[in-house]
Amino acid sequence: MCILMKTVSCIFIVDDDPITVFGIKKMLKSVVICDDIQIFQNGQEAYEAVKERKENGRIIPEVIFLDINMPIMDGWDFLDEIIALDINEHIVINMITSSIDPLDYEKWNGFKDRCPYTLNFKNKPIFKIESNDLGCITVAS
């Protein structure tokens, strides 16, 4: 079996938990080639970075790992703001949470229906990064 690594131009990890950030970065090294991985402590920092990249014609992140519960701007508010930016590029947004509240899953489903980007839901801790977390489609042979 041949394992091909996906090349991604830019990945954002938006999470205030350094252990989660460390784990995601470590797992990414084994499945993706990316020279531009950016880390943000909250949604506001990440939103400002996406907005600045759009305004200056820079590469928009292809993949975002987005914590739901963060200070300053949470993941839900970030989603509202990034949807309003009207970005035409394809983005895979992986919502990640340690919450066991079923309302978070319901809220994700509501966003999924109106979000123009691929929106995945993952519970912490994350043990593996799947191909669909990076926008890959698995085809059975």
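How many helices and strands does the protein chain have? Here are my notes on this one, written for someone opening it fresh. Keep in mind throughout that this is a predicted model.

1. **The fold in outline.** To answer the opening question, the protein chain has four helices and seven strands. If you walk along the sequence, they come in the pattern β-β-α-β-β-α-β-α-β-α-β. The radius of gyration is 14 Å, close to the 14 Å that the globule rule gives for 141 residues, so the chain is as compact as a globular protein of that length. If you like box dimensions, the C-alpha trace spans about 45 × 40 × 30 Å along its principal axes.

2. **Inside and outside.** Buried residues account for 45% of the 141 residues. The chain exposes about 8000 Å², and 53% of that comes from carbon and sulfur atoms. As for how the chain meets itself, take the contacts with a separation of 6 or more: 78% of them involve residues 24 or more positions apart.

3. **Charges.** The protein chain carries 14 positive and 23 negative charges. The mean positions of these two sets are 6 Å apart.

4. **The annotated aspartate.** Start your tour at Asp67, since the unreviewed UniProt entry gives it the annotation "modified residue: 4-aspartylphosphate". You'll find aspartate 67 in strand 5, which covers residues 63-67. Is it buried or exposed? With a relative accessible area of 3%, aspartate 67 falls under the 20% cut-off and therefore counts as buried. Setting aside neighbours within four places in sequence, aspartate 67 is in contact with Val14, Asp15, Asp16, Gly75, Ile96, Thr97 and Lys124.

5. **Lysine 124, on that contact list.** Lysine 124 sits in the segment after strand 7 (118-123). At 19% relative accessibility it counts as buried, because the cut-off is under 20%. Which residues does lysine 124 touch, not counting those up to four places away in sequence? They are Asp15, Asp17, Thr20, Asp67, Ile96, Thr97 and Ser98. For a sense of distance, the C-alpha atoms of lysine 124 and isoleucine 100 are separated by 9.8 Å, with their positions 24 residues apart along the chain.

6. **The loop after strand 5.** Asparagine 69 belongs to the loop between strand 5 and helix 3, and at 45% relative accessibility it is partly exposed. Leaving out neighbours within four places in sequence, asparagine 69 is in contact with Asp16, Thr97 and Ser99. Isoleucine 72 is in the loop between strand 5 and helix 3 (75-84) too. Is isoleucine 72 buried or exposed? It is exposed, at 73% relative accessibility. Do look at its backbone: phi is near 70 degrees, a positive value in a residue other than glycine.

7. **A positive phi at aspartate 86.** Aspartate 86 has a positive phi of about 55 degrees, although it is not a glycine. Aspartate 86 lies in the loop between helix 3 and strand 6 (92-97). Its relative accessibility of 55% makes it exposed, as the cut-off is over 50%.

8. **Aspartate 36 and its surroundings.** Where is aspartate 36 found? Look in the loop between strand 3 (32-33) and strand 4 (37-40). Although it is a loop residue, aspartate 36 is buried, with a relative accessible area of 18%. Not counting residues up to four places away in sequence, aspartate 36 touches Ser9, Cys10, Ile11 and Arg53. With serine 9, the C-alpha separation is 6.5 Å, and the two residues are 27 apart along the chain.

9. **Two distances to get your bearings.** Asparagine 69 and aspartate 36 are 33 residues apart in sequence and 24 Å apart in space, C-alpha to C-alpha. For the other distance, go to threonine 7, in strand 1 (residues 6-7). Threonine 7 is exposed, with a relative accessible area of 55%. Between the C-alpha atoms of threonine 7 and aspartate 86 there are 24 Å, and the two are 79 residues apart along the chain.

How values were computed
Residues numbered from 1 in each chain as written. Predicted model: local features only at pLDDT ≥ 70, side-chain atom pairs only at ≥ 80, totals over all residues. Heavy atoms only, no water. Helix = DSSP H or I, 4+ residues; strand = E, 2+ residues; numbered from the N terminus. Rg over C-alpha atoms; globule rule 2.2 N^0.38 Å. Buried < 20%, exposed > 50% of the residue type's maximum accessible area, 1.4 Å probe, protein only. Contact = heavy atoms within 4.5 Å. Areas by Shrake-Rupley, 256 points an atom, 1.4 Å probe, with all protein chains shown as cover. Lys, Arg positive; Asp, Glu negative; His and termini not counted. Charge placed at Lys NZ, Arg CZ, Asp CG, Glu CD. UniProt positions renumbered as here; feature names shortened; annotations may be inferred.
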